[in-house]
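User: Please help me understand how labels get attached to parts of a protein model. I would like to see the value and the cut-off side by side.

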Amino acid sequence: MFSRRLTHVITRKDLALLLAPTYAAAAQVDFDEAHERMERAVGSQRLVDELYAGLSAALAERKGPRTTEDELIDALSAGVQKRRSRVKAAKVTEGISAVLVRLNLELGYAPEIMRGALDNPKGRALLEEGLRALGAHLLKELIK
């Protein structure tokens, strides 16, 4: 975890709100349906841990030599307060698609055979890359 404050700055409810535009665009559902699904998905501690790991990796990559951890988290906190409901959908890549499959597995919308695809080394690497990319997209949207 990049910072112990991360889970307080971006709560589960915030995660659901931040993920909904990307999910809505990819699943071709309206925002309200996507938001409701994301609220159910973030009920899973394992999934939330994976999402926070992606955000942490993106924060670590964004942290420069003169930027402290606290400054970055403070900027993120301000961005969440100002822009959390205006986040745009992430461009769907292979990695982001793996994250969406993971979300659908959690919701019960994807066939269980897909879990095996994400558990093998190639699928796991793709999921981790997607979590980092999604985290980087969210940071770009929130920290301006």
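User: Where does Asp14 lie, and why is Asp14 called buried?

Analyst: Asp14 lies in helix H2; helices (H or I, at least four residues) and strands (E, at least two) are DSSP runs, numbered from the N terminus. Its relative accessible area is 7%, and buried means under 20%, exposed over 50%, partly exposed in between (1.4 Å probe, protein chains only). Asp14 is therefore buried. Before we go on: this is a predicted model, where local features need pLDDT of at least 70 and side-chain atom pairs count only at pLDDT 80 or more, while totals for chains, interfaces and linings use all residues. Residues are numbered from 1 along each chain as its sequence is written, and side-chain values use heavy atoms, leaving out hydrogens and water.

User: Which residues does Asp14 touch?

Analyst: Leaving aside residues up to four places away in sequence, Asp14 touches Val9, Val80 and Arg84. Contact means heavy atoms within 4.5 Å.

User: How do you know whether Gln28 and Arg62 are buried, exposed or partly exposed?

Analyst: The cut-offs I gave for Asp14 work here too. Gln28, in the loop between H2 and H3, has a relative accessible area of 73%, so Gln28 is exposed. Arg62, in helix H4, has 39% relative accessibility and therefore counts as partly exposed. Arg62 touches Leu72, Leu139, Lys140 and Ile143, again without residues up to four places away in sequence.

User: What makes the phi of Gln28 worth a second look?

Analyst: Phi of Gln28 is near 55°, a positive value in a residue other than glycine. Most residues other than glycine have a negative phi.

User: How do you know what span to expect for H2?

Analyst: The expected span of a helix is 1.5 Å times one less than its number of residues. Helix H2 (residues 12-27) has 16 residues, with 22 Å expected, and reaches 21 Å from its first C-alpha to its last, which is close. H8, with 22 residues, reaches 31 Å, close to the 32 Å expected.

User: Where does H2 bend, and by how much?

Analyst: H2 bends by about 40° at Ala20, and the proline Pro21 follows within four residues. The bend at a residue is the angle between axes fitted to the seven residues ending there and the seven starting there.

User: Why are H6 and H8 called roughly perpendicular?

Analyst: Their packing angle is about 100°, with axes 7 Å apart. Axes are lines fitted to C-alpha atoms, for helices over the stretch in contact, and angles run from 0 to 180 degrees between N-to-C directions. Angles under 35 degrees count as roughly parallel, over 145 as roughly antiparallel, 65 to 115 as roughly perpendicular and the rest as oblique. H6 and H8 are therefore roughly perpendicular to each other.

User: What makes H2 and H6 fit a label too?

Analyst: H2 and H6 pack at about 90°, with axes 11 Å apart, so they are roughly perpendicular to each other as well. Thr22, Tyr23 and Ala26 in H2 meet Ile96, Leu100, Leu103, Asn104 and Leu107 in H6. By class, this contact of H2 with H6 has six nonpolar, two polar and no charged residues. Ala, Val, Leu, Ile, Met, Phe, Trp, Tyr, Cys and Pro count as nonpolar, Asp, Glu, Lys and Arg as charged, and the others, Gly among them, as polar.
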